[in-house]
Amino acid sequence: MRALFDFLVKHNDWFLFLLLEGISLVLLVRFNNYQGATFFTSAGSVAGNVYSVFMDANRYFHLKKENDGLLAQNLTLTRELSELKEQLVEYRNKEALQNDSLVNSIRSGYNYLTANVINNSLNSVNNFITLNKGSNDGVRSEMGVFSSDGIVGVVYQVSANRALVIPLLNTKSSVSCRVRGSESFCSLSWDGGDPRYSNLIDLPRYAQFATGDTVVTSGFSSIFPGDLPVGTVEKIDDSADGMFYTVRVKLFVDFSSLTSVFLVGNDDYTEQSNLEKNKKQLKVGS
């Protein structure tokens, strides 16, 4: 406190000077119109600039709150857009299903659904496809899966809202097929190579066909109805033992661009499947 008092005493001339200057300015502004107007105009301008700086600083420190609000709003809009896109895709799938020639060719006794591909692998010898439909939507295992181009595979496992499909591009896949125009049937099996091709194996040598012919489902199964397109005959070779043909088939479905599919189910699948299982217990003779 004493140091402050000593400082004031030491510099009292300066403080007196500043006080007198202040009084002079007040008198000048108070009793002279021009100087008064000039002072208040300048003071207003300075106050405005100070206020503007203060408001800018205030807005800056509130940016985080505003950004958080914008992020929440963007998230809500993104969710709504995603839901609208799903509804649009579902609507288009249903329209395509009603107009698709493959569906129109399915014989009675089969029911069908639509689904979207949400995961798809191409680089493995045992690829899988995941669909966005499950048991809650009526999907069950052993349903056939096809697109507007041709057959895709067979449903392997089902959860409440998802289905796992074994596609033709899986070495464990086997689909009963025939060459259109021939009544001889055989199995379509993938060798794990080029995803554009698969192979017909054990095709009898008496079967009449040529390169360029269309391969279709045989109908001799409880999964696919007959005559669904599969691909075209690309190359014909002899089997290793020379007893059958091995046929290279160029598939109609481009699995790299697969986005939506149809599922087909046999209404009599359970009955037929149980009946065919019971044949293992059959004993012939006395």
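**Paired strands and paired rings**

Val158 stands opposite Ala163 of strand S5, a good place to begin a tour of this predicted model. These two residues belong to a larger pattern: S4 and strand S5 (residues 163–167) run antiparallel and are joined over 5 bridges. The two strands make a hairpin, with 4 residues between them.

S4 has a partner on the other side of the sequence as well. Strand S3 (residues 144–146) pairs with S4 through 3 bridges, and here too the strands run antiparallel. Within this pairing, Gly144 has Val154 of S4 as its bridge partner. S3 and S4 also form a hairpin, and 4 residues lie between them. When following such strands by eye, it helps to remember that side chains in a regular strand alternate between the two faces of the sheet.

The aromatic residues come next. The structure contains 4 aromatic pairs, and two of them are described here, including one that returns to S4. The ring centres of Phe128 and Tyr156 are 6.3 Å apart and the planes meet at 40 degrees, so this pair is tilted. An angle of 40 degrees is neither under 30, as stacked rings would need, nor over 60, as an edge-to-face pair would need. Phe128 is found in the loop between strand S1 (110–120) and strand S2 (129–131), whereas Tyr156 is part of strand S4 (residues 151–158), so the contact ties together parts that are 28 residues apart in sequence. Both rings belong to partly exposed residues: the relative accessible area is 29% for Phe128 and 42% for Tyr156.

A second pair shows another arrangement. For Phe185 and Phe220, the centres lie 5.0 Å apart and the planes are at 65 degrees, so the pair is edge-to-face; the angle passes the cut-off of 60 degrees. Phe185 sits in strand S7 (residues 185–189) and Phe220 in the loop between strand S9 (214–217) and strand S10 (229–238), so this pair ties together parts that are 35 residues apart in sequence. With a relative accessible area of 47%, Phe185 is partly exposed. Phe220, at 54% relative accessibility, counts as exposed, because the limit for that class is over 50%.

An aromatic ring can also be found facing a charge in this model. The charged end of Arg248 sits over the ring of Tyr197, at 4.4 Å from the ring centre.

Definitions and conventions. Residues numbered from 1 in each chain as written. Predicted model: local features only at pLDDT ≥ 70, side-chain atom pairs only at ≥ 80, totals over all residues. Heavy atoms only, no water. Phe/Tyr/Trp six-rings, centres within 6.5 Å; stacked < 30°, edge-to-face > 60°. Buried < 20%, exposed > 50% of the residue type's maximum accessible area, 1.4 Å probe, protein only. Lys NZ or Arg CZ within 6 Å of the ring centre and 35° of its normal. Pairing = 2+ DSSP bridges.
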